[in-house]
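Biologist: I would like to learn how to read a model like this one, feature by feature. Could you walk me through it?

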Amino acid sequence: MSRPHQITAGFMPLLDSALLVAAKEKGFAESEALDLSLVRETSWANIRDRLAVGHFQVAHMLAPMPIACNLGLTPLASRTIAPMALGLGGNAVTVSNDLWAQMEAHGARPDLDPLAAGSALRAVVAERVRSGHGLLRFAVVHPHSGHNYELRYWLAACDIDPDRDSEIVILPPPLMADALRSGSIDGYCVGEPWNTAAVMLGSGRIATVKAAIWRSSPEKVLGVQAQWAETNPDALAALLRAIYRAALWCADRANREELAALLAGPRYIDRPVDWMMPALTGDICVGNREIVSIQDFFVPLAKAATFPWKSHALWFYTQMVRWGQIRHDKSNEAIARDTYRPDIYRATLEALGVALPGANAKVEGALKTETPVGSAGASLTLGPDGFFEGALFDPDRIDAYIAAQARRKTS
Amino acid sequence: MASRSLAILVIDENRIRASIIEAGLRETGHDKITVVHDITGIARTIAEVNPDVIVIDLENPNRDMLENMFQLSRAVKRPIAMFVDRSDRASIEAAVEAGVSAYVVDGLKQERVKPILDMAISRFNAFSRLARELEEVRSELENRKLIERAKGILMKSRGLSEEAAYALLRKTAMNQNRRIADIAQSLVTAAGLLGPGEDQ
């Protein structure tokens, strides 16, 4: 047997590192003759830098991050591709107990409904303006993150201008619950277990979840240093197979407790096992012992959860444009589209008999129910994949989408 | 030298390392140095100091926040846009390797920045070396203390001489293929469990 491929992957202590952790700990990488090392990092900037200098070949990455790297939006970016996603959903919006009380007075309910919570929040914002209180301050983990874009999308769709009516700051996930408790922020959007952390510590309430703002939406991807991918196609293919098998394992209900224990371990998230369970079971404790079941809160496998949809890349790109991070033109759009590489995913996983979607992009929000889709061989169902307020994103009509959002923001 | 001296901001939660870097910068003739250990209120500090170069350790979880601040550049008068010259791959690698990162005001000449980064890299490396050596000395000292206590237990409970007690520890370690300090640790723990007055 040939020598194993050595791969070092950077990751952040978040629940959606699950696929990488399982690939290593459950032997899926090893059986692909991969010597996979996982290195925990303290910032996304470190992950980007260490990928650029070659310490890491691949990394657990915020789904918009490889696009931002390729668009030159960050320092020291190297050409990065996303040949695989690491699951769907997994984030939530947590607010302070104080803000929740104000929202409740305006009709917010503990059911995680984004529309009701958003309307209540809008009323709170209006009241604060009238009474001369300062802007609400929300935290997200990174400017180029699903968290930033989905928080802003939710606020804007509820007629709250994220820049005029609130302030959005950047904080590392493990510090969010403390910042909420100390009152330096009023709320945040982050991945698990850092929402559950605030609930368990009694410092906040979960107001809504990513899986309700945009069902079946992308969150993390496997970011791969492009040059390494080009020179090591076999190692990359082996890694994708290992991660896919890890996704199968993570999706099996029978493995939930073992997965929770793995993730809670000192080398990974290093927090209590109880904190891992809500995201894995979908039984979200929103505060005050109230549980709301969100079946597809975090989806590791079903609904083509590891498929790197071009329409996901392009939606993130439209949000970069929307919030002034980049100017829209055809070459930037092409860079975003080319960052996600379903071609590599297909070529690698077809041989395993994995159910593959028929197309590389879809109209986001088109599927209102779970829908069987034409795929090569095996069966596959997609959706529902809707935005909470009913909007559609058609990746073939980007100009119109961007123009409509630009109008909305200024109205 | 005609050119104005550079304002340098060092952000490092580790006070010792920060002061080692500060000393290094002062030795090389830089006098406009601000050292910050706590990220709280960093926007104001940056606005006041108006730094040309920011040096930050890679362990700091707030790098994402800092970078975002530079990009918004509301707090910062001039855009701070780059790490070091992108073409200088070797020094980028050396910096990441050493655990330090630097942000530099756009347009600043590389020959002015490079000595600062080089100095930071060598001081970071020196600090890691020191920390490692200190850790080795500390654990060596602790091992010796453990072995002393284990010897004492054996001398007392089995009436052995000091030399015989040590020989027994060494033989047991060799037989079990373990370190003497580990055997000593087990013995001390066991003695603590078995009876009061043995060791405490």
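**Reading the model together**

Modeller: Happy to. Let us start with one residue: setting aside neighbours within four places in sequence, Lys220(A) is in contact with Asp16(A), His60(A), Met61(A), Leu62(A), Ala63(A), Leu86(A) and Gly87(A). Please keep in mind that this is a predicted model.

Biologist: Where does Lys220(A) sit, and is Lys220(A) buried or exposed?

Modeller: Lys220(A) belongs to strand 11 of chain A, which covers residues 220–225. To judge burial, count the C-beta atoms around a residue; 20 or more within 10 Å make it buried. Lys220(A) has 29 other C-beta atoms within 10 Å, so Lys220(A) is buried. As a distance to try in your viewer, the C-alpha atoms of Lys220(A) and Ala279(A) are 15 Å apart, with their positions 59 residues apart along the chain.

Biologist: How do I zoom out to chain A as a whole? How many helices and strands does chain A have?

Modeller: Chain A has 17 helices and 16 strands. For overall form, set the radius of gyration against what a compact globule would give: for 411 residues that is near 22 Å, and chain A, at 20 Å, agrees. Along the principal axes, the C-alpha atoms of chain A fill a box of roughly 70 × 45 × 40 Å. Buried residues account for 58% of the 411 residues. Contacts add another view: of those between residues at least 6 apart in sequence in chain A, 75% join residues at least 24 apart.

Biologist: How should I read strand pairing? In which sense do strand 1 and strand 2 of chain A run?

Modeller: Look at the direction of each strand and the bridges between them. Strand 1 (residues 5–11) and strand 2 (residues 34–40) of chain A run parallel and are joined by seven bridges. Gln6(A) in this pairing has Asp35(A) of strand 2 opposite. Between the two strands the chain passes through helix 1 (residues 18–25) of chain A, giving a right-handed β-α-β crossover.

Biologist: What does chain B show for its own strand 1?

Modeller: Strand 1 (residues 7–11) of chain B pairs in the parallel sense with strand 2 (residues 32–36) of chain B over five bridges, and Ala7(B) stands opposite Lys32(B). With helix 1 (residues 15–27) of chain B, these strands form a right-handed β-α-β unit. Strand 1 of chain B also pairs in the parallel sense with strand 3 (residues 53–57) of chain B, over four bridges; there Ile8(B) faces Val53(B). Four of the five residues in strand 1 of chain B are buried.

Biologist: And a helix? Which residues of helix 4 of chain A are buried?

Modeller: In helix 4 (residues 97–105) of chain A, they are Leu99(A), Trp100(A), Gln102(A) and Met103(A). Their arc around the axis is only 160°, which means that they lie on the same side of helix 4 of chain A. They pack against strand 6 (91–96), helix 5 (114–130), strand 9 (187–191) and strand 10 (204–209) of chain A. Just after this helix, Gly107(A) has a positive phi of about 100°.

Biologist: Last topic, the interface. How many residues of chain B are in contact with chain A?

Modeller: The size of an interface is often given as lost accessible area, but here we count residues. In chain B, 17 residues are in contact with 18 residues of chain A. Helix 3 of chain B gives the largest share of the chain B side, six residues. By class, that side has eight nonpolar, four polar and five charged residues.

How values were computed: Residues are numbered from 1 along each chain as its sequence is written. Chains are lettered from A and ligands numbered from 1 in the order in which they are written. This is a predicted model: local features need pLDDT of at least 70, side-chain atom pairs count only at pLDDT 80 or more; totals for chains, interfaces and linings use all residues. The radius of gyration is taken over C-alpha atoms; the globule rule is 2.2 Å times the number of residues to the power 0.38. A residue is buried if 20 or more other C-beta atoms lie within 10 Å of its own, exposed if 12 or fewer, and partly exposed in between; C-beta atoms are placed from the backbone. Two residues are in contact if their C-beta atoms, placed from the backbone, lie within 7 Å. Ala, Val, Leu, Ile, Met, Phe, Trp, Tyr, Cys and Pro count as nonpolar, Asp, Glu, Lys and Arg as charged, and the others, Gly among them, as polar. Two strands pair if DSSP finds at least two bridges between them. A crossover is right-handed if, with the strands pointing away from the viewer, the path from the first strand over the helix to the second runs clockwise. The arc is that of the directions from the helix axis to the C-beta atoms.
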